[in-house]
Amino acid sequence: MKNSLKTNCFTVLSIMLTLLFVSCKTISQTDTKSVDAKKELLISANLKWSERMALSIMKRHKESYMIDDAKAPHWDYVHGLVLTSFEQLYKEKGNSNYSDYIKSYVDVLVDKDGTINTYKMEAYNIDMIVAGRLLFNLYKTTKDNRYLIAMQTLRKQLEGQPRTTSGGFWHKKIYPNQMWLDGLYMGEPFYAEYTATFEKGAKLDDVAKQFELIQLHATDKKTGLLYHAWDESKQMPWSNKETGTSPNFWSRSIGWYAMALVDALEYFPKNHPKQKELVGYLNNVANALEKFQDKSGLWYQVTDKGDKAGNYLESSGTSMFAYALAKGVNKGYLPKKFKTVATKAFDGLTRELIKVDSNGEVTIIQACAVAGLGGSPYRDGSYEYYINERKKDNDPKATGPFILAALELNK
């Protein structure tokens, strides 16, 4: 009887210990899974800045069309800019999450017949060309004809784009006779790649012509910097009545121009008669920019006005300069000293204008949200205008070039 009682007690005790062990093990596994789930939300500080920024963008914008806080898909230049940086990141890292993010944007906007939803050719807005750069690799890798048709549509816009009497593309149909520095980035890298890929480079002279006109008419002889825009007709109230230029130097517009040069130059063979000319323009703007770089490594919103009241160190222009200068050196267009200038700029960005939260999400601050000329309400291009335009954290005109700069600098 006693032995039976002992046996039963031992059995009950064994069962209780077993249940306790299984319970503890289950709790332990649950805790581990919970920790792992939390880890998945973290963006590791061990990653390079290029991936940290890209992952932060993807975390903020689950769908790629949501970039710039868009509520619905639309064909736009900021998506083209940011996703171009993702394309370069994919080439570097081979992570299909980046290429899928690009494809999801294009596929939600380009129909099976090649129609680009929300795009209106009749507006002749050169901003709408740049997202077409995403189509080249998609067509090359998939051979899906809709991407080719979409590219041909954008090429047709350039064929009919209104021009100045001297041959320069108007920035938009609603801005007659005006060339803006922004427009060089929006149109020329696509134009150069298209003509090099499908036309045996037949229109490279026309690509170079756009840079020639801006260099000739928008460059300030004293500083070497370029004004935001040039009105050939000299009719706009913001234009100088002798030169046709707008009144101030805006860093981001010069950034657009510098990026346009390094990206378009990729499609100019070294023996092309205009290649050295374009490389010369890049060297001119690089030398001018170096003189106005702040000791922090950054550049001001109004490039030449330093710490004048209201001016501020601006992230999008600085990111663009860092990218263009670093790529210019890497491609052999610029002297090696400009890699140091670019590195100083990038380090200034990460030190002064980058914030990282507890989950590792990266935010870039002090980016000018938008700036232009003319229009309604009227924008006069004055110093006061540029310094008072609103700022936006994580503006895509800063995040995209930041990734591109990080890749060129291996940061």
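How do the residues of the lining of the largest pocket divide into nonpolar, polar and charged? The split is seven nonpolar, five polar and eleven charged. For these classes, Ala, Val, Leu, Ile, Met, Phe, Trp, Tyr, Cys and Pro go down as nonpolar, Asp, Glu, Lys and Arg as charged, and the others, Gly among them, as polar.

A quick word on the source: this is a predicted model, where local features need pLDDT of at least 70 and side-chain atom pairs count only at pLDDT 80 or more, while totals for chains, interfaces and linings use all residues. Residues are numbered from 1 along each chain as its sequence is written, and side-chain values use heavy atoms, with hydrogens and water left out.

**Pocket and cavity**

Back to that largest pocket: its volume is about 540 Å³. It is lined by 23 residues, and the closest to its centre are Glu87, Gln88, Lys91, Glu266 and Tyr267. Elements giving two or more residues to this lining are α3 (77-93), α5 (133-142), α7, α11 and α14 (396-409). Helices here are DSSP runs of H or I with at least four residues, strands are runs of E with at least two, and both are numbered from the N terminus.

As for enclosed space, the count comes to one cavity of 30 Å³ or more. The largest cavity has a volume of about 60 Å³, and β1 (178-180) and α7 (181-198) are the elements that give two or more residues to its lining. Helix α7 gives the most, with three residues. Among the lining residues of the largest cavity are Phe169, Trp170, His171 and Glu188. By class, that lining has six nonpolar, three polar and one charged residues.

Both terms come from a 1 Å grid over the protein atoms alone: a cavity is a set of points where a 1.4 Å probe fits but cannot get out, a pocket is an open set with protein on both sides within 12 Å along at least five of seven lines, and lining residues have an atom within 4 Å of a point. Grid points are joined across faces, edges and corners, and a volume is the space filled by probe spheres set on the points.

**Two helices side by side in a table**

| Helix | Residues | Reach, first to last C-alpha | Expected span |
|---|---|---|---|
| α10 | 17 residues | 25 Å | 24 Å |
| α12 | 17 residues | 24 Å | 24 Å |

The expected span is 1.5 Å times one less than the number of residues. In α10, the buried residues (under 20% relative accessible area, 1.4 Å probe, protein chains only) include Leu278, Tyr281, Leu282 and Leu289. What covers the buried residues of α10 includes α8 (204-218), α9 (251-265) and α12 (337-353). On α12, Phe338, Phe346 and Leu353 are among the buried ones.

**Aromatics and a serine**

The structure holds 18 aromatic pairs (ring centres within 6.5 Å, using the six-membered ring for Trp; planes under 30 degrees apart are stacked, over 60 edge-to-face, the rest tilted). Tyrosine 185 and tryptophan 256 make a tilted pair, because their centres are 5.2 Å apart and their planes at 35°. Tyrosine 185 lies in helix α7 and tryptophan 256 in helix α9, so the pair ties together parts 71 residues apart in sequence. Tyrosine 185 is buried at 1% relative accessible area, and tryptophan 256 is buried at 2%. Elsewhere, Phe136, Phe190, Tyr194 and Phe198 form one aromatic cluster.

Finally, serine 316 sits in helix α11 and counts as buried at 0% relative accessibility. Leaving out residues up to four places away in sequence, serine 316 touches (heavy atoms within 4.5 Å) Arg252, Lys397 and Ala398.

Terms used
Buried < 20%, exposed > 50% of the residue type's maximum accessible area, 1.4 Å probe, protein only.
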